[in-house]
Amino acid sequence: MAKFKLYPKIISTNIAEGSWAGGSILTLSGTGLLPRGGKEAVLVIFGEVGSQKSCAIVDVKYDYISCLVPDFLELKGVQTDLEVPISLEMGYKSENPVTASPLTFTYKSSLLATVDTMTPTKVTANTPVTITGTNLGTNIANIQVFAQSRSSVGRRRRSIPQPQEEIVPQPEKMHPFWKQFKTDSNGKPKWRCFGKNLANGCKHDSVVQHVETETISRSKRSVDHEEWLRQLEKEDDEKVTFEICESGSSEDCAERLESLDDRNMHSRRKRSASEEDLIEMAL
């Protein structure tokens, strides 16, 4: 039976340019954009290696990703415009979505908001204020002006000393090999030595200072931990399936349900271990 994998795909973006100060909402539209892990497993990156910034994720659904365009003012320099690439990493495997063409965003000085004057310069409560400048927007609902008194400018927070952590000495751990011998009052093995120390024995630390013991770590697998991971995986599967069947086409929904059935069947076969396998897992 042939199996198909649903790859995320970006079809369009709502904006391709904006102010150097960022702040615009970029929406990437497409299909299969909700990965396992949800919103926390999506990363949208602006710029090239060495000068990259992350686009803060606002929302992620099956058919779109929205994020807050980052501020690139510190990289502006003398440039007027700058086109930067946009890359995406999705899911625990950091997969890249399919795109018809490379995604880019252009920062433009002509779209940078600037303030030239404010009248009056001294205000009290409920005083009308007129601010002139460029690119201040046209939608009143999206514009906010904040006032701050001079006395509050530069006010430093009171310095609160960081609490000092008390260092509790940890007892020295002995290798299990030494526990089979008789020990002294410090819990360390007793040694018999030739010469002047014959009566009292030798110090354990001086005897084994050049001896290396190899410990082969073999941690047991926790059944509760594995069950918890399976429950998380099941919740992620149900969430993704709901998004696909609610927002996608009936073909995508059917394909998702069939893929989920195949995965559950494979998981049941994998968990049916023989008695020898169970003994090996318990060791």
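**Exercise 1. Find which strands pair with β3, and in what sense they run.**

Strand β1 (residues 9-13) is joined to β3 by four bridges, and the two run antiparallel; strands here are DSSP runs of E with at least two residues, numbered from the N terminus, and two of them pair if DSSP finds at least two bridges between them. The model is a predicted one, in which local features need pLDDT of at least 70 and side-chain atom pairs count only at pLDDT 80 or more, while totals for chains, interfaces and linings use all residues. Residues are numbered from 1 along each chain as its sequence is written, and side-chain values use heavy atoms, with hydrogens and water left out.

As a next step, take single residues: I10 has G30 of β3 as its bridge partner. β3 also pairs with β7, again in the antiparallel sense, over five bridges, and here S29 has Y64 of β7 as its partner.

**Exercise 2. Decide which side chains of β3 are buried, and follow L28 into the core.**

Begin with the general pattern: in a regular strand the side chains alternate between the two faces of the sheet. In β3, L26, L28 and G30 point to one face and are buried, whereas I25, T27, S29 and T31 point to the other and are not; buried means under 20% relative accessible area, exposed over 50%, and partly exposed in between, with a 1.4 Å probe and protein chains only.

Now look at the largest nonpolar core, which has 23 residues, and in which L28 is among those with the most contacts; such a core is a set of buried Ala, Val, Leu, Ile, Met, Phe, Trp, Tyr and Cys residues joined through side-chain atoms within 4.5 Å. The elements giving two or more residues to this core are β3, β4, β7, β8 and β10, and β8 provides the largest share, four residues.

**Exercise 3. Locate the salt bridges and say what each ties together.**

The count is two salt bridges, each a side-chain nitrogen of Lys or Arg within 4 Å of a carboxyl oxygen of Asp or Glu. In one, the side chains of K108 and E17 meet at 2.8 Å, N to O; because K108 lies in β10 and E17 in β2, the pair ties together parts 91 residues apart in sequence. In the other, E74 and K53 have their closest N and O atoms 3.5 Å apart; E74 lies in the loop between β7 and β8 and K53 in β5, so this pair ties together parts 21 residues apart in sequence. Finally, compare accessibility: K108 is partly exposed at 23%, while E74 is exposed at 65%.
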